Every structure is written in structure tokens, then in C-alpha cells.
Amino acid sequence: MDRRDFLTYSAVGTAAAALLPASSVASSAAPAPSLLTERGSVMRTEGRPVRTDLPFNSPSPTLRYMTPQRFGMGGTQIGNIFAPLSDEQAGLVLQAAWDAGVRLYDTSPFYGFGLSEYRVGRFLHGKDANDYVVSTKVGRVLTAAGGPRADHAIWKSPAPFNYRYDYTAAGARRSVEDSLQRLGLPRIDIVFIHDISPDNSELEGGWEAAYRIARTGAMVELEKMRDEGLIKAWGFGVNTPNAVVQAMAGDDPTPDIVLLACQYSLLEHGDALRNTFPALSRKGTSVVVGTPLNDGFLGGRSRYNFSLDLPAGAVEKRARIMAVAKRHGIDIHTAALQFAAAHPQVSAIIPGARTPGQIVSNVQAMKVGIPAAFWEELKSLTLIDAQAPVPS
């Protein structure tokens with residue numbers, strides 16, 4: 001944690017910050033240039049809080065599974081994505097999330113090769129397992145590297161493990177049992193089948209071949225684990241909708257909940273809204289939205305969905321939305337998080353955080369009231385889809 005991030009955290013605090021007016025958070029949460037591009041920076045929260053707690057879900061008569069809370073924390077940053085965090089830094093981020101009321105934590109064996117799971121499990125040790133929800137993933141099985149692990153293209157200073165892809169029934173069972181050990185938990189709430197997606201160039205034979213293995217392997221085994229009570233729900237965790245749509249098309253085992261990353265955000269939501277969500281609705285499958293800020297782009301970063309290559313028009317569209325937000329007394333970061341959580345099929349959003357200040361800012365953004373006129377103006381300017389659900 002750099003000095004500014006530490007001072008931000010010290011000034012804002014944890015539990016107390018969750019109840020502070022937005023102006024108080026803004027004044028203590030780092031300088032506020034129009035865009036913040038450095039890691040760990042915090043875009044100031046504008047607007048007036050209208051609630052003191054995070055939004056929760058009511059039981060759904062049509063959806064197979066819903067998380068209790070509509071807001072959680074993604075675990076890539078504490079798995080050392082793109083830059084390392086110490087165990088102490090990761091612990092401060094997790095503590096800030098807990099103090100702010102967050103009770104949903106997403107992780108994966110792939111995140112830092114077990115590092116994210118280990119850190120989440122160590123933090124939750126001693127807490128009542130009924131007080132929180134944890135999701136993790138299968139599809140990669142870890143094996144000991146036999147020595148220090150060199151940096152990966154994504155994961156920096158990872159744990160000393162290698163991985164292999166395994167979407168078979170035995171691989172899924174092994175992966176869940178290993179995750180239980182790293183997390184130190186008696187059960188896992190949600191398990192996602194990870195990265196069966198065309199953008200995953202490591203898959204031998206492509207995503208279709210991986211799906212065929214999972215169809216009679218991991219998908220069936222996860223159903224068994226759910227019936228055994230070892231897990232509560234299962235689904236896919238993917239960056240493209242292909243495997244999810246395939247699972248909805250026939251008589252394959254039906255996912256309870258899916259994690260859609262890079263697919264539903266304030267900037268990019270048309271395909272999910274018109275195609276993926278309706279397909280899921282027919283089977284009663286709910287959604288966790290990953291990367292609701294497009295990997296920090298809607299928080300001011302010059303990175304979009306894990307790439308430094310920004311899509312054509314993205315910067316200009318972001319600037320236009322920021323101008324509308326300013327006219328209505330809010331900020332784009334707040335609008336982006338609340339937009340991603342507004343769809344009735346969305347069970348939760350799970351933005352990540354590298355510093356305690358980012359967690360505080362994300363939580364505060366969920367408590368701000370956004371004027372209806374803001375959403376009306378975005379639709380009138382065709383900056384969001386006319387049919388997109390928005391916060392009420």
C-alpha cells in the first residue's frame with residue numbers, strides 16, 4: 001500500500017466510513033482529477049446517501065438461486081493480478097470489506113495459483129460460516145511447483161503451484177476438495193466452472209471441446225455435490241456467453257447461477273440484455289456480474305476488460321456519461337455499480353479492490369440516491385439501451 005492509499009484508509013476508516021455522507025468520503029478519499037489512472041486510486045463519490053446498508057435480495061419465485069446480498073467483493077486483486085499485494089495489504093482490504101458490511105466473496109484457484117483462496121480463507125477463519133457467502137471455481141487443478149513460482153503473465157508473485165485444465169468429474173471433485181482445504185471451510189456456497197470461453201486461448205481444442213468434457217463431467221459432478229450439501233449452487237464463470245447459452249439450449253444440467261464477466265456494464269450491455277439474459281430467464285438462472293467497472297475503466301483507469309487496448313469510442317462515451325453525471329450531482333463510478341446491480345436477474349455484482357479506500361468507495365456508491373432524470377437523460381442520448389433496467 002502506498003502512502004496515499006494508507007492515509008486514505010486511515011482518514012476514512014472502515015465501518016464508520018460506510019455511514020459517512022458522500023461529501024465526507026470524497027473529502028478524504030485521495031485527490032480527484034477527472035480521471036485516475038494509477039493503481040489503488042479512488043474516484044471520489046458524489047451524491048447524497050439514501051440508505052445506510054447494502055442492498056439485499058428478496059427470495060425469488062422464478063430464480064433457482066440468489067445470493068443474500070446484491071454486492072460482494074471480487075478476489076482477483078488479492079490474488080496479485082498485474083501487481084503484487086502483501087498478505088498484510090490483502091488482509092486490510094478484506095477487513096475493510098467486512099467492516100463495511102460486505103458478506104459475499106468471490107475467489108478462484110486460478111487467482112494467484114491459490115493465493116486468493118488462501119487469503120480469503122485465512123481472513124474468514126473464526127467467523128461463523130452462516131454469516132457469509134463464498135464462491136470459487138473449478139476447471140484448473142493445482143499441483144505443487146516444487147519451488148518458487150516465476151511471475152505469470154497475469155499473476156505476480158503467485159503461490160508456488162502449477163495448474164492444468166481438468167473439466168472432468170474427477171477434476172471437479174478434486175478441485176473443490178482442494179479449495180476447501182485452502183479456504184479452511186466446511187462447504188462452499190457457489191462453484192463456477194471457469195473460463196470455458198472462446199477468449200481462453202489455452203484450451204486445447206477450443207471452448208467447444210472443453211464444454212463437451214464438462215457436460216458429462218464437471219456439470220454432472222457439481223449437481224451431485226449440490227445434492228450432497230457440499231455446495232449450494234453451481235454455474236459457469238466466463239468472459240463470453242457461449243458456454244452459458246449452450247447450457248440453456250438443450251437438456252444439459254441447468255446452472256443455478258452464472259458469473260458473467262466483461263459482459264454487462266454501463267458501457268456495454270446490449271447483447272447480454274437482449275440475448276443472454278432472456279436465455280437464462282427461461283431456465284431460472286440468476287447472474288453475478290463481474291467487472292462491473294470494466295476492469296476499472298469506469299473508475300478512471302486506462303484499462304478496459306484486462307487490456308490496455310481501449311475499444312474505439314470508449315473514452316468518448318465515458319466522457320459523455322461523466323458530463324451527464326456531473327449535471328445530476330453524481331459520479332460515473334456510482335452510476336456504473338448501481339446500473340450493473342439493477343437488472344432483476346442479477347443476484348450480485350462483485351467489483352474487486354486493491355486498497356481499503358476502494359472498498360469503502362464501492363460500498364458508499366451503493367448507498368447514493370441517483371435521480372431518475374439522470375437515467376432518462378442517458379436513454380434519451382442513447383448512451384444506455386432504452387430497455388435497460390435502472391435503479392428505482
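Q: Is Asp-256 buried or exposed?
A: In this predicted model, the relative accessibility of Asp-256 is 5%. Buried means under 20% relative accessible area. Asp-256 therefore counts as buried.

Q: Which residue meets the side chain of Asp-256 in a salt bridge at 3.2 Å, N to O?
A: Asp-256 lies in the loop between α8 (242-249) and β7 (257-261). Its partner lies in the loop between α2 (22-28) and α3 (87-99), so the pair ties together parts that are 192 residues apart in sequence. With 40% relative accessibility, the partner counts as partly exposed. The residue is Arg-64.

Q: Which residues are linked with Arg-64 and Asp-256 in a network of salt bridges?
A: The side chains of Arg-64 and Asp-256 themselves meet in a salt bridge. The network that holds this pair also includes Glu-223, Arg-226 and Asp-227.

Q: How many residues apart in sequence are the parts that Arg-182 and Glu-117 tie together?
A: Arg-182 forms a salt bridge with Glu-117, with the closest N and O atoms 2.5 Å apart. Arg-182 belongs to helix α5 (residues 169-183) and Glu-117 to helix α4 (residues 115-124), so the bridge ties together parts whose separation in sequence is 65 residues.

Q: What is the relative accessible area of Glu-117?
A: Glu-117 is the salt-bridge partner of Arg-182. Glu-117 is buried, and its relative accessible area is 0%.

Q: Which residue of the salt bridge between Arg-164 and Asp-166 counts as buried?
A: The two side chains meet at 3.9 Å, N to O. Arg-164 has a relative accessible area of 40% and is partly exposed. At 15% relative accessibility, the buried residue is Asp-166.

Conventions
Residues numbered from 1 in each chain as written. Predicted model: local features only at pLDDT ≥ 70, side-chain atom pairs only at ≥ 80, totals over all residues. Heavy atoms only, no water. Salt bridge = Lys/Arg side-chain N within 4 Å of Asp/Glu carboxyl O. Helix = DSSP H or I, 4+ residues; strand = E, 2+ residues; numbered from the N terminus. Buried < 20%, exposed > 50% of the residue type's maximum accessible area, 1.4 Å probe, protein only.
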